Amino acid sequence: MARVVERGVIGVDLGGTKLLAGAVDADLGIHHRTNRLIYGLDQNGLVQMVADAVEEIRTAVGDGIEAVGFGIPCTFDSRTGMAVQAANAPLADIRFHEVMAERFGLPVVVDNDGNCAVLAEARMGAAKGCSDVLLLTIGTGIGGGLLLGGEVYRGWIGGGAEMGHMTVDMNGPPCQSDCPNYGCLETVCSGTTLVRLASLMVAKRPDTALGLALEEGRELTGPLITELAQEGDPVASDAITLIGERLGVGLVSLVNIFNPQMVVIGGGVSAAGELLLEPARAIVRERALAPARDVVRIEAAAFGAEAGMVGAALAAREGGGVARAGFPSSEPVG
Ligand SMILES: [Zn+2]
């Protein structure tokens with residue numbers, strides 16, 4: 001078979017509802033993207049669909065593929081390589097990396113999707129060239145990834161960097177899905193919270209562009225709030241400003257602890273750009289400790305929906321990941 005891609009790696013972002021996969025070549029070009037809806041599949045169905053997607057790409061790009069990486073939104077235990085809290089994907093109790101390595105006859109790595117995203121941003125995105133990077137993806141919840149001294153940092157057994165679950169309000173609302181905590185960062189500034197805030201605020205100010213849009217039957221969503229905020233609607237702008245300030249409060253702690261060179265904000269809510277980032281920066285400048293606060297840069301992610309896929313491919317190329325199988329002489333690393 002002709003090689004379309006030399007020294008390629010395949011990255012697979014296995015989200016809660018969909019799979020996005022593509023091949024990344026040695027020059028970091030992306031080839032043959034494919035996606036699948038995975039909602040409602042059982043474990044066998046999921047494994048089969050993932051295998052189909054990877055085989056589709058291998059067929060399309062030729063036999064130059066050297067490894068496959070998976071980014072998955074769950075916590076891992078690096079001692080076993082198994083997914084521990086995978087609320088949205090049926091991956092519990094399976095050595096997924098070993099199953100896939102055997103199936104493809106290729107080296108396979110798996111990692112948390114936030115770890116993949118920070119790797120993508122640090123190697124070829126907004127934080128290119130930076131060694132100490134903190135990434136938050138703000139969507140339905142808040143995912144996190146840490147690059148410290150040039151390496152992805154996962155904690156002792158791979159369960160770390162869950163910065164969305166940092167407590168910012170000890171008497172705050174209960175957190176989502178499997179998190180038993182109250183007042184986590186993601187309970188005060190996720191996309192879900194943005195919609196809830198805007199809903200409360202527009203009820204008091206219905207004579208605004210947002211109020212009128214809802215009256216016309218449009219659904220209250222993050223993208224609608226962002227769109228109207230960018231057009232100057234006061235309610236939508238206020239809601240995003242408040243989310244940005246709350247994000248800033250969380251970043252104060254993270255900047256004080258990690259002294260990152262760069263903070264990268266991704267996920268759906270980051271589409272608000274400066275409307276979100278500037279309030280966050282203002283809080284960090286005001287409240288964080290010197291000298292970290294004076295040098296940290298807080299910027300939007302360069303990769304949108306493809307961060308997990310690209311990062312998973314890079315993790316495969318670097319032989320990283322929280323767990324790996326099928327490499328010539330590799331034991332899973334902690
Ligand atoms: Zn939580």
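## Exercises: strands, zinc site, salt bridges, helix 8

Met 262, in strand 11, is the bridge partner of Val 133. Strands (E, at least two residues) and helices (H or I, at least four) are DSSP runs, numbered from the N terminus. The model is predicted, so local features need pLDDT of at least 70 and side-chain atom pairs pLDDT 80 or more, while totals for chains, interfaces and linings use all residues. Residues are numbered from 1 along each chain as its sequence is written, and side-chain values use heavy atoms, with hydrogens and water left out.

**Exercise 1.** Place strand 8 among its partners, and state how many of its six residues are buried.

*Step 1.* Take strand 11 (residues 262-266). It runs parallel to strand 8, and five bridges join the two. Strands pair if DSSP finds at least two bridges between them.

*Step 2.* Turn to strand 9 (residues 142-148). Its pairing with strand 8 is antiparallel, over six bridges. Ile 138 has Ile 142 of strand 9 as its bridge partner. Three residues form the hairpin connection from strand 8 to strand 9.

*Step 3.* Check burial. Strand 8 (residues 133-138) is mostly covered, with five of six residues buried (under 20% relative accessible area; exposed is over 50%, partly exposed in between; 1.4 Å probe, protein chains only).

**Exercise 2.** Which protein atoms hold the zinc ion as donors, and what is the geometry of the site?

*Step 1.* List the donors (N, O and S atoms within 2.8 Å of the metal, or 3.2 Å for Na, K and Ca). They are ND1 of His 165 and the SG atoms of Cys 175, Cys 179 and Cys 184. Their distances from the zinc ion run from 2.0 to 2.3 Å.

*Step 2.* Read the spacing. In sequence, the donor residues follow H-x9-C-x3-C-x4-C. His 165 and Cys 184 are 19 residues apart, each in the loop between strand 10 and helix 4.

*Step 3.* Test the angles. Among the four donor atoms they span 104 to 120°, and the site is tetrahedral (four donors, all angles between 85 and 135 degrees). The ideal angle for four tetrahedral donors is 109.5 degrees.

*Step 4.* Compare accessibility. His 165 counts as partly exposed at 26%. Cys 184 is buried at 0%.

**Exercise 3.** Find what Arg 154 pairs with, then trace the network that includes Arg 281.

*Step 1.* Start with the total. The whole structure holds 15 salt bridges (a side-chain nitrogen of Lys or Arg within 4 Å of a carboxyl oxygen of Asp or Glu).

*Step 2.* Take Arg 154. Its salt bridge is to Asp 111, with the closest N and O atoms 2.6 Å apart. Arg 154 sits in the loop between strand 10 (151-152) and helix 4 (185-189), and Asp 111 in strand 7 (residues 108-112), so the pair ties together parts 43 residues apart in sequence. Arg 154 is buried at 16%. Asp 111 is buried at 2%.

*Step 3.* Move to Arg 281. It bridges to Glu 274 at 2.7 Å. Arg 281 is buried at 13%, whereas Glu 274 is partly exposed at 44%.

*Step 4.* Add Arg 285 and Glu 278, which meet at 2.9 Å, N to O. Both count as partly exposed: Arg 285 at 47%, Glu 278 at 33%. Shared partners join Glu 274, Glu 278, Arg 281, Arg 285 and Glu 299 into one network.

**Exercise 4.** Compare the reach of helix 8 with its expected span.

*Step 1.* Count residues. Helix 8 covers 234-258, which is 25 residues.

*Step 2.* Compare lengths. First C-alpha to last is 35 Å, close to the expected 36 Å (1.5 Å times one less than the number of residues).

*Step 3.* Look past the end. Asn 259 follows helix 8 and has a positive phi, near 45°.

Key
Tetrahedral: all angles 85-135°; square planar, octahedral: opposite > 155°, others 65-115°.
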